[in-house]
Amino acid sequence: VHWGKNSLPTFSRFQKRFCRPDGDVTEQLWGYNHQAMQPFTGPGYFVAHDYTEPGEIGIDYYQVPNTKPEAWPAIRDNDGGFGQFVYGKMVDVMRGVSEHVSIGRAVRNGKVADNWFVLVREDPTA
C-alpha cells in the first residue's frame with residue numbers, strides 16, 4: 001500500500017495498492033487505486049512498468065491486469081463509465097525520492113498534466 005496525496009482541489013487523498021503478478025512476469029507490478037470515489041470511478045486498475053527515462057515508472061491505465069488478489073475489487077477497464085474521465089488514456093509517471101517516498105505526474109493522451117502527487121509506501125506487516 002502506498003498512501004497518496006495529490007495537488008487537485010478535491011478528492012486528493014488515495015492509496016495505490018500493488019501486488020506482484022503470479023508466474024513468470026517479473027518486470028511488472030499490478031495494482032489499483034483505492035479512494036473515496038471508487039464506487040463511481042471504479043478501482044482504476046493499472047500495470048506498473050519501467051517508463052521512458054531511467055528511474056521512471058509508468059503507472060499505466062491503458063493496461064489492466066488479467067487477475068487480482070481475492071480481496072481486491074472486480075477488475076474493470078478504464079475506458080468506460082465515469083472512470084474514463086479519471087483514468088482513461090492516462091499514465092502516471094513516477095520517480096523515487098527515497099526508499100519509501102515517490103513523486104509523480106499524470107500524462108493524459110501524451111500531454112503532461114499540471115498537477116502532482118506524492119506516495120509514501122507503508123511497510124508490509126509480517
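W3 sits in strand β1, which spans residues 2–6. The model is predicted. In it, W3 is partly exposed, at 47% relative accessible area. W3 also belongs to a nonpolar surface patch of about 610 Å². The other members of this patch are V1, V97, I103, W116, V118 and V120. Patch membership requires over 30% relative accessible area and no salt bridge. W3, at 47%, lies above that area cut-off. Strand β8 covers residues 111–121 and gives the most to the patch. Its share is three residues.

Charged contacts were examined next. Six salt bridges are found across the whole structure. One of them joins K16 and D92, with the closest N and O atoms 3.1 Å apart. K16 belongs to strand β2 (residues 13–19), whereas D92 belongs to strand β6 (residues 90–96), so the bridge ties together parts that are 76 residues apart in sequence. Both ends of this pair can be classed by accessibility. K16 is buried, with a relative accessible area of 2%. D92 is buried as well, at 5%. The class follows because buried means under 20% relative accessible area.

A second pair is formed by D114 and R105. Their side chains meet in a salt bridge with an N to O distance of 3.8 Å. This distance falls within the 4 Å limit used for a salt bridge. D114 counts as exposed, at 72% relative accessibility. R105 counts as partly exposed, at 25%. D114 is classed as exposed because its value is over the 50% cut-off. R105 falls between the two cut-offs, 20% and 50%, and is therefore partly exposed.

R121 and D123 make a further salt bridge. Their side chains meet at 3.3 Å, N to O. R121 is partly exposed, with a relative accessible area of 25%. D123 is also partly exposed, at 46%. The contacts of these residues extend to E99. E99, R121 and D123 are linked in a network of salt bridges.

Taken by accessibility, the described pairs read as follows. The K16 end of its bridge is buried, and so is the D92 end. In the D114 and R105 bridge, D114 is exposed, while R105 is partly exposed. In the R121 and D123 bridge, R121 is partly exposed, and D123 is likewise partly exposed.

How values were computed. Residues are numbered from 1 along each chain as its sequence is written. This is a predicted model: local features need pLDDT of at least 70, side-chain atom pairs count only at pLDDT 80 or more; totals for chains, interfaces and linings use all residues. Side-chain values use heavy atoms; hydrogens and water are left out. Patches are made of residues with over 30% relative accessible area and no salt bridge: like charges are joined within 9 Å, nonpolar side chains (Val, Leu, Ile, Met, Phe, Trp, Tyr) within 5 Å. Accessible areas come from the Shrake-Rupley method with a 1.4 Å probe; for residues, only the protein chains shown count as cover. Helices (H or I, at least four residues) and strands (E, at least two) are DSSP runs, numbered from the N terminus. Buried means under 20% relative accessible area, exposed over 50%, partly exposed in between (1.4 Å probe, protein chains only).
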